[in-house]
Amino acid sequence: AIQPPVAIPRGPYTVNEGSSIQVQNDSFDANSDVFTNAWTIDSNPANGASLTNPNAVTPNLLGIDDANGELTLTVTDGTGSNSNTAAFTVANVAPSLGQPVGDSVPEGSQATVQVSFSDPGTLDTHHAVIHWGDGATSNMNSVASPLSADHIFSDNGLYNVEIIVTDDDGGSDSVMTTVSVSNAPPAPSAGSANGSEGSAVN
């Protein structure tokens with residue numbers, strides 16, 4: 001009997017944000033007829049993934065943002081067509097922080113720490129938490145790379161500063177740096193010179 005081809009898109013598939021995988025296709029035609037392949041994608045959210053060359057036998061699935069969805073493969077020859085689906089998941093990838101830069105300042109002066117970070121999830125947003133090592137914490141929303149933050153230390157010492165960057169899906173990375181705060185000499189008080197007002201100082 002003449003039968004249409006059978007679509008077998010394999011799966012399920014998992015791909016990381018910013019990466020791609022080649023999907024598999026085990027479709028066949030019992031009559032050995034030539035058939036065409038047409039892939040479509042249904043992603044939630046819609047911009048979470050894409051297909052390169054959807055009319056190829058085995059296109060690439062590109063992960064853009066964390067998502068779930070289905071791929072539909074339709075195979076067609078002169079006798080008819082057949083479709084089947086395969087599930088896919090785009091997995092979140094946490095941001096990655098580079099080497100941070102600390103600072104050296106006298107007490108009472110503003111110290112600055114800096115760090116660059118990357119995230120293959122190009123649609124992700126990020127926030128940062130900085131533990132300054134003196135009991136103070138800074139919370140920063142909607143940060144971008146390079147990240148820079150300032151803090152004033154009231155006493156001298158060597159402070160271990162932790163920088164944490166988290167994406168909107170909960171993936172995070174952290175690094176440590178140091179801020180060296182030197183002792184600042186006290187400011188001279190008024191009238192500290194020897195002698196009284198109106199008299200010469202020897």
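Which residues does leucine 71 touch, not counting residues up to four places away in sequence?

## Leucine 71 and its surroundings

In this predicted model, leucine 71 touches Tyr13, Val23, Trp39, Thr40, Ile41, Leu51, Leu61, Asn84, Thr85, Ala86 and Phe88, with residues up to four places away in sequence left out of the list. Leucine 71 belongs to strand β6, which covers residues 67-77, and because its relative accessibility is 0%, leucine 71 counts as buried. Tryptophan 132 follows 61 residues from leucine 71 along the chain, and the C-alpha atoms of these two residues are separated by 47 Å.

## An aromatic cluster

A pair of aromatic rings is described by the distance of the centres and the angle of the planes. There are two aromatic pairs in the structure. In the one formed by tryptophan 132 and phenylalanine 153, the ring centres are 6.2 Å apart and the planes stand at 80 degrees, so this pair is edge-to-face. Tryptophan 132 sits in the loop between β12 (126-131) and β13 (137-140), whereas phenylalanine 153 sits in the loop between β14 (147-152) and β15 (157-167), so the pair ties together parts that are 21 residues apart in sequence.

Tryptophan 132 is buried, at a relative accessible area of 0%, and phenylalanine 153 is buried as well, at 1%. Ring pairs join Trp132 and Phe153 with Tyr159 in a cluster.

## Strand β10 and its partner

In a regular strand the side chains alternate between the two faces of the sheet. Strand β10 (residues 110-115) shows such an alternation, with Ala111, Val113 and Val115 pointing to one face and buried, while Gln110, Thr112 and Gln114 point to the other face and are not buried.

Strands β10 and β14 pair in the antiparallel sense, over six bridges, and within this part of the structure glutamine 114 stands opposite serine 148 of β14.

## Backbone exceptions

Most residues other than glycine have a negative phi, and most peptide bonds are trans. Glycine 11 and proline 12 are nevertheless joined by a cis peptide bond, with omega about 0 degrees, and proline 12 lies in the segment before β1 (13-16). The peptide bond from serine 145 to proline 146 is also cis, with omega near 0 degrees, and proline 146 is located in the loop between β13 and β14.

Serine 142 lies in the loop between β13 and β14, has a positive phi near 55 degrees, and is exposed, with a relative accessible area of 69%. Serine 32, in the loop between β2 (20-22) and β3 (36-44), has a positive phi of about 60 degrees although it is not a glycine, and at 67% relative accessibility serine 32 counts as exposed.

Conventions. Residues numbered from 1 in each chain as written. Predicted model: local features only at pLDDT ≥ 70, side-chain atom pairs only at ≥ 80, totals over all residues. Heavy atoms only, no water. Helix = DSSP H or I, 4+ residues; strand = E, 2+ residues; numbered from the N terminus. Buried < 20%, exposed > 50% of the residue type's maximum accessible area, 1.4 Å probe, protein only. Contact = heavy atoms within 4.5 Å. Phe/Tyr/Trp six-rings, centres within 6.5 Å; stacked < 30°, edge-to-face > 60°. Pairing = 2+ DSSP bridges.
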